[in-house]
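Please look through the sequence and the structure below, and keep both at hand while reading. The paragraphs that follow go from one residue to the strands, and from the strands to the cores and the surface.

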Amino acid sequence: MFINPELSAEDRSLRVIAEVRNDGELLKGGLFAKGRILVGRRPAVVQVPRDALAAWDTASKKASVFVVAGNVAKVKQVETGVVIGDEVEIVRGVGPGEQLVTRGGFNLKDGDVVTVVGKGAAQ
């Protein structure tokens, strides 16, 4: 309903007044909540866990990842985008469904044989 145009100098937060449905009367007056304001949607974005990035230069938005092909780890150079929490957008370099190494990648070299233990597909 209302967004305060002034940001807090301490943490760059702002106050909003929102109107929400209160089905079942679960919400009580005087309570506080945290939330996110979505300002847009971008379909078909590839995101990977931050742990999948072997070498990441945040200034140049370049990183490398290990992609598993069969049972071999291949290094690929990627370009990163938006970071939300522990998820990093991959703008270029890997596609949806490619399996990535998310643990122990610091010990790998291009062409090393690996064993897949869990799911690590790019989303």
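Does E89 count as buried or exposed? In this predicted model, E89 counts as buried, because its relative accessibility is 8% and buried is defined as under 20% relative accessible area. The residue has its place in strand β7, and, when neighbours within four places in sequence are left aside, the residues in contact with E89 are R42, V45, V46, Q47, E79, T80, G81 and V82.

One of these contacts is also a salt bridge, in which the side chains of E89 and R42 meet at 2.1 Å, N to O. Side chains of opposite charge can pair when their charged atoms come close. The pair links distant parts of the chain, since E89 is in strand β7 and R42 is in the loop between β2 and β3, 47 residues apart. The two partners can be set against each other in terms of cover: E89 is buried at 8% relative accessibility, whereas R42 is exposed, with a relative accessible area of 51%.

The count of salt bridges comes to 4, and two others can be described in a similar way. K76 forms a salt bridge with E98, and the closest N and O atoms are 3.0 Å apart. Because K76 lies in strand β6 and E98 in the segment after β7, this pair ties together parts that are 22 residues apart in sequence. K76 is partly exposed, with a relative accessible area of 29%, and E98 counts as partly exposed at 21% relative accessibility. In another salt bridge the side chains of E79 and R92 meet at 3.2 Å, N to O. Here E79 lies in strand β6 and R92 in strand β7, so the pair ties together parts that are 13 residues apart in sequence. E79 counts as partly exposed at 23% relative accessibility, while R92 is exposed, with a relative accessible area of 53%.

The strands that carry these residues can now be followed through their pairings. Strand β5, residues 62–69, and strand β6, residues 72–84, pair in the antiparallel sense over 8 bridges, and within this pairing V68 has A73 in β6 as its bridge partner. The hairpin of β5 and β6 has 2 residues between the strands, and G70 takes a positive phi near 75° there. On its other side in sequence, β6 pairs with strand β7, residues 87–92, in the antiparallel sense over 4 bridges. In that pairing the bridge partner of I84 is E87 in β7, and the hairpin of β6 and β7, again with 2 residues between the strands, has G85 at a positive phi near 65°.

Which strand pairs with β3 in the antiparallel sense over 4 bridges? The partner is β7, and V46 stands opposite I90 in β7. In a regular strand the side chains alternate between the two faces of the sheet. Along β3, V46 and V48 point to one face and are buried, while Q47 and P49 point to the other face and are not buried.

The buried pair V46 and V48 leads into the largest nonpolar core, which has 12 residues: V46, V48, A52, L53, A63, V65, V67, V78, V88, I90, V94 and L100. β3, β5 and β7 each supply at least two residues of this core, and β5 gives the most, with 3 residues. A52, one of the core residues, is in contact with S64, V65, L100, V101 and T102, leaving aside its neighbours within four places in sequence. A second, separate core has 6 residues, including V68, A73, V101 and L108; V68 and A73 are the bridge partners already met between β5 and β6.

At the surface, I3, L7, L14, V16, I37 and V39 form a nonpolar patch, with about 600 Å² of accessible area together. Among them, I37 is found in the loop between β2 (16–17) and β3 (46–49). I37 is exposed because its relative accessible area is 55%, and exposed is defined as over 50%.

Notes: Residues are numbered from 1 along each chain as its sequence is written. This is a predicted model: local features need pLDDT of at least 70, side-chain atom pairs count only at pLDDT 80 or more; totals for chains, interfaces and linings use all residues. Side-chain values use heavy atoms; hydrogens and water are left out. Patches are made of residues with over 30% relative accessible area and no salt bridge: like charges are joined within 9 Å, nonpolar side chains (Val, Leu, Ile, Met, Phe, Trp, Tyr) within 5 Å. Accessible areas come from the Shrake-Rupley method with a 1.4 Å probe; for residues, only the protein chains shown count as cover. Buried means under 20% relative accessible area, exposed over 50%, partly exposed in between (1.4 Å probe, protein chains only). Two strands pair if DSSP finds at least two bridges between them. Contact means heavy atoms within 4.5 Å. A nonpolar core is a set of buried Ala, Val, Leu, Ile, Met, Phe, Trp, Tyr and Cys residues joined through side-chain atoms within 4.5 Å.
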